[in-house]
Amino acid sequence: MVRDSREGERLAARTRAWPPGDAGTLPGVNGTNEQAGGAERTRRVLSGIQPTGGAHLGNYLGALRWWVDFQDRYDAYYCVVDLHALTVPGDPEELRKATIEMATVLLACGLRPDRCTLFAQSHVPAHAELAWLLECTASMGELSRMTQFKDKAAKGSEESARVGLFTYPVLMAADILLYDADLVPVGDDQRQHLELTRDLAQRWNARYGRTFTVPEAAIPPPGRGARVMDLQEPASKMSKSAASDAGVLYLFDDPATIERKVKRAVTDLDPPGPGTVRWDREAKPGVSNLLELLAALEGTGPEQVAARYDSYGKLKSDLAQAVVSTLEPIQARYRELSADPATVHDVLRAGAKRAAVHAGEVLERARSAIGLLQP
Ligand code: AQP
């Protein structure tokens with residue numbers, strides 16, 4: 001929440017610093033990372049997305065649009081994390097289909113196979129092997145503190161939650177550390193997992209000698225898509241596994257659906273007039289979320305957007321329009337690409353070949369450091 005103009009200025013300054021490379025005030029963008037792979041190399045980026053359900057505007061604003069931007073700035077590795085999808089029950093045939101579909105979504109959003117390495121996580125077996133080595137250095141206590149496990153387990157019963165759901169933050173650490181990633185572009189919900197990754201890497205380096213690059217999270221500033229909330233439940237993040245679709249804007253919703261969902265978004269009961277539309281996450285979570293969405297889509301800040309409106313109706317219709325025009329080209333590209341799933345599969349195969357080279361080197365460093373005998 002912005003309480004005074006100085007805080008607003010600081011936010012604007014942080015906002016201008018995003019994406020990294022412009023002003024460089026975000027952590028890790030000025031070459032201060034601890035790098036295990038050699039000081040002079042191009043900075044590397046790694047991130048992943050689960051092939052569970054349809055991608056939504058939170059995924060896009062919090063992560064995917066930055067992946068596209070980063071592919072031209074960094075040595076970028078992106079993966080569809082199909083192993084993570086196994087942490088919750090699902091249909092095997094559906095998973096195979098969803099993996100290709102998610103890769104198609106990423107290409108439709110603007111990833112280019114000639115500018116980044118795009119692959120399926122399970123195609124590079126080193127991920128699973130490094131996860132085991134890291135599990136043998138992680139503690140039950142630190143994994144028990146992961147809030148995503150608590151939230152997701154709470155949706156079912158903790159007793160029947162899969163062990164993989166408990167340990168998946170360690171697999172995520174392996175995903176990142178295998179590529180000597182300096183930066184990890186993710187939404188704010190992944191902050192805690194990134195901290196765990198850093199802790200595991202630092203502990204390992206201290207115990208077994210310098211093996212891993214310690215990565216930094218690249219999270220958009222608050223109010224700029226870092227944590228997009230559900231339109232019906234503004235206290236919960238927009239999520240693929242939400243109980244109802246009504247508050248989730250999917251990348252493939254048609255214009256009428258987008259308009260309906262935005263129009264029905266929860267706001268509050270203040271009478272129309274000056275000050276009704278303001279960015280105040282605590283007192284007005286619903287309208288603040290709408291302001292943040294429009295700000296993220298326009299590339300401004302939520303306070304500037306709020307200054308233009310004195311009623312929810314106009315804000316909602318402008319937001320719906322902005323969502324539709326952002327998604328239209330992505331949807332058109334998806335329609336083209338999805339006609340040829342074999343080509344998308346080939347992109348993943350070629351990406352896995354490239355990814356396996358680097359992952360193999362890092363895994364070898366780790367195996368040797370922890371004391372495993374050479375085969
Ligand atoms: N609501 C959100 N706002 C901003 N960023 C978000 N991300 C997810 N939700 C939001 C970011 O999207 C990237 C890919 O996420 P993921 O699908 O791999 O896993 P998730 O974080 O668990 O996303 P969901 O939608 O909530 O999926 P389910 O319901 O399957 O768990 C990540 O960078 C994430 O931060």
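Here are some worked exercises on this predicted model, each with a step-by-step solution.

Residues are numbered from 1 along each chain, as its sequence is written. Because the model is predicted, local features need pLDDT of at least 70 and side-chain atom pairs count only at pLDDT 80 or more, while totals for chains, interfaces and linings use all residues.

**Exercise 1. The overall picture**

Task: find how many helices and strands the protein has, and what share of its residues is buried.

Solution. Start with the elements: helices (H or I, at least four residues) and strands (E, at least two) are DSSP runs, numbered from the N terminus. The protein has 14 helices and 5 strands. Next comes burial: a residue is buried if 20 or more other C-beta atoms lie within 10 Å of its own, exposed if 12 or fewer, and partly exposed in between, with C-beta atoms placed from the backbone. Of the 375 residues in the protein, 46% are buried. Finally, take contacts, meaning pairs whose C-beta atoms, placed from the backbone, lie within 7 Å. Among contacts with a separation of 6 or more, 77% join residues 24 or more positions apart.

**Exercise 2. Strand β2 and its partners**

Task: work out which strands pair with β2, and in which sense.

Solution. Two strands pair if DSSP finds at least two bridges between them. On one side of the count, β1 (residues 44-49) pairs with β2 in the parallel sense over 6 bridges. Two positions help you to line them up: V45 has A76 as its bridge partner in β2, and S47 stands opposite Y78. Between these strands the chain passes through helix α2 (residues 57-70), and this β-α-β crossover is right-handed; that is, with the strands pointing away from the viewer, the path from the first strand over the helix to the second runs clockwise. Then turn to β3 (residues 116-120), which pairs with β2 in the parallel sense over 5 bridges. Here V80 stands opposite A120.

Task: decide whether the residues of β1 and β2 are buried or exposed, face by face.

Solution. Recall that in a regular strand the side chains alternate between the two faces of the sheet. In β1, one direction is taken by R44, L46 and G48 and the other by V45, S47 and I49, and all are buried. Since 6 of the 6 residues of β1 are buried, β1 is largely enclosed by the rest of the structure. In β2 (residues 75-80), D75, Y77 and C79 point one way, A76, Y78 and V80 point the other way, and all are buried.

**Exercise 3. Two bent helices**

Task: compare the expected span of α2 with the distance between its end C-alpha atoms, then locate its kink.

Solution. The expected span is 1.5 Å times one less than the number of residues. For the 14 residues of α2 this gives 20 Å, and the end C-alpha atoms are 18 Å apart, which agrees. A kink of about 40° is centred on A63, where the bend is the angle between axes fitted to the seven residues ending there and the seven starting there. As for burial, 12 of the 14 residues of α2 are buried, including W66, W67 and F70.

Task: do the same for α14 (residues 341-370), and find what covers its buried residues.

Solution. The 30 residues of α14 should span 44 Å, and the end C-alpha atoms are 41 Å apart, which agrees. α14 bends by about 25° at A356. Its buried residues include V344, L348, H358 and L363. Among the elements covering the buried residues of α14 are β2, β3, α8 (163-177) and α13 (312-337). A350, also in α14, counts as partly exposed because it has 14 C-beta neighbours inside 10 Å. The C-alpha atoms of A350 and F119 are 7.7 Å apart, although 231 residues separate them along the chain. After α14 comes G371, with a positive phi near 105°.

**Exercise 4. A positive phi in a loop**

Task: explain where D180 lies and why D180 counts as buried.

Solution. D180 sits in the loop between α8 and β4 (183-185). D180 is buried because 26 other C-beta atoms lie within 10 Å. Now check the backbone: most residues other than glycine have a negative phi. The phi of D180 is positive, near 50°.

Key. Two residues are in contact if their C-beta atoms, placed from the backbone, lie within 7 Å.
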